[in-house]
Amino acid sequence: MFPRTSPGTLVALPQRLLSTSRSFSSSQFFSHRQKDQVIPSTSIKVFREIPHLRQWRRKQLHDYRSVGLVPTMGALHEGHLSLIRLAATENSSVVVSIYVNPTQFGVHEDLDSYPKTWTKDIEMLRDLDRELAADGGKLGKIAAVFAPTTDEMYPSGQPSQEIDGKGSFITITPVGEVLEGASRPTFFRGVATVCMKLFNIVTPEKVYFGQKDVQQTVVIKKMVKDFCLDTQVVVGETQREPDGLALSSRNVYLGTRRRRVATVLSKALRVAETGYLRGYRTRDELLGPAGELAKLLLMEQHQLKPEERVKFEVDYISLADPETMQEVEEVDESKGAILSGAVKMFPVEAPQPGEDLGLSGGPSVRLIDNIILKPVKS
């Protein structure tokens, strides 16, 4: 799902963060939470507690100001910024949530090592705020950041991350049980639960998600529909590096060697997309060449020396219905389809002295990507 920051950074981070940026050295800003914190040199309010945010939200309603929400887990990148820009074109006030949600991580997943970059995130939001202010074509601005603690988000205590864990959850099935849901059984349960909370707290007219997490957008749209939530889900295009790699907060784990090979998934999906554009419609015609390319790229890596190669494993490459995420044998031209996939990049073999292994020493990284196959007009 989202990008990330530490749940408690605003309250108790000071010394480590204060040394990184003079412009954010205000002890008042990084000290104990206050009712009306503001990002220095901006009008962006920072809320930690739900009652204060709700009080602010009531004023927006009274002043007839529409609110758009961009949920993130921090570790912001251009993909998030593009969603904030989009939200600012359609709403008077944009709220950016920054919260690393523990319930969408499995027991053995990367919760503890997930990148937490609060100071950098705040600087990026400050710079984007200035950009939006200089752009007369934008309707609104970044009005607030909601960065709660886990105690605030889970007042009865954090639910278990176990598959059969107890707690108050939102579960969206069967769409949340396939593909990413099959590989990460608690993921969409956690995503839906925290999104329901955020939607209830912020009550936005519109919420914004990136297409890179396409199954997440399908799950959230179904939740909004089935629970009759009064908000509109807007999906922004996937932002990519020049070589095609989808932007992700987890890319910082890759390091130089694995980064060069990380485009394997986007390349495989592009092969399938090319087949669709050439008129192929069956599963074998589209996914066959994609799978063969992935195998070829893996064979090339195995032929290299240990100190040069990268090992990876394709979890899945999918051709699915755009509304249910169920696999299809042939694309219905009136509906189109979703090409998606996941690949696991293993830690590098034989790391060399001084080699850039990525954040946290370069643990295994799971990358996802997708391409929308658009309906064919008759």
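**Exercise 1. Over how many bridges do strand S9 (residues 337–345) and S10 pair, and is the sense parallel or antiparallel?**

Solution. Before counting, note that this is a predicted model in which local features need pLDDT of at least 70 and side-chain atom pairs count only at pLDDT 80 or more, while totals for chains, interfaces and linings use all residues. Residues are numbered from 1 along each chain as its sequence is written, and side-chain values use heavy atoms, with hydrogens and water left out.

Step 1. Strands (E, at least two residues) and helices (H or I, at least four residues) are DSSP runs numbered from the N terminus, and two strands pair if DSSP finds at least two bridges between them. Step 2. S9 and S10 pair in the antiparallel sense over 9 bridges, and Val343 has Leu367 of S10 as its bridge partner.

**Exercise 2. Place S9 and S10 in their sheet, and describe the helix that packs on that sheet.**

Solution. Step 1. The sheet is open, has 3 strands in the order S8-S9-S10, and its pairing is antiparallel. Step 2. Strand S8 (312–320) and strand S10 (365–373) are the edge strands, each of which pairs on one side only. Step 3. From one strand to the next, the twist averages 10°, where angles run from 0 to 180 degrees between N-to-C directions and axes are lines fitted to C-alpha atoms, for helices over the stretch in contact. Step 4. Helix H12 (residues 264–277) packs on the sheet and touches S8, S9 and S10, with its direction at about 15° to that of S10; contact here means heavy atoms within 4.5 Å.

**Exercise 3. Locate Ser41 and Thr203, and characterise their phi values and exposure.**

Solution. Step 1. Most residues other than glycine have a negative phi, and most peptide bonds are trans. Step 2. Ser41, although not a glycine, has a positive phi of about 65°, and it is found in the loop between strand S1 (37–38) and strand S2 (45–47). Step 3. Thr203, in the loop between helix H9 (187–202) and strand S6 (206–210), has a positive phi near 45°. Step 4. With buried meaning under 20% relative accessible area, exposed over 50% and partly exposed in between (1.4 Å probe, protein chains only), Ser41 is exposed at 62%, whereas Thr203 is partly exposed at 40%.

**Exercise 4. Which residues does a cis peptide bond join, and where is Pro174 placed?**

Solution. Step 1. The cis bond joins Thr173 and Pro174, with omega about 0°. Step 2. Pro174 lies in the loop between helix H7 (150–153) and helix H8 (180–183).
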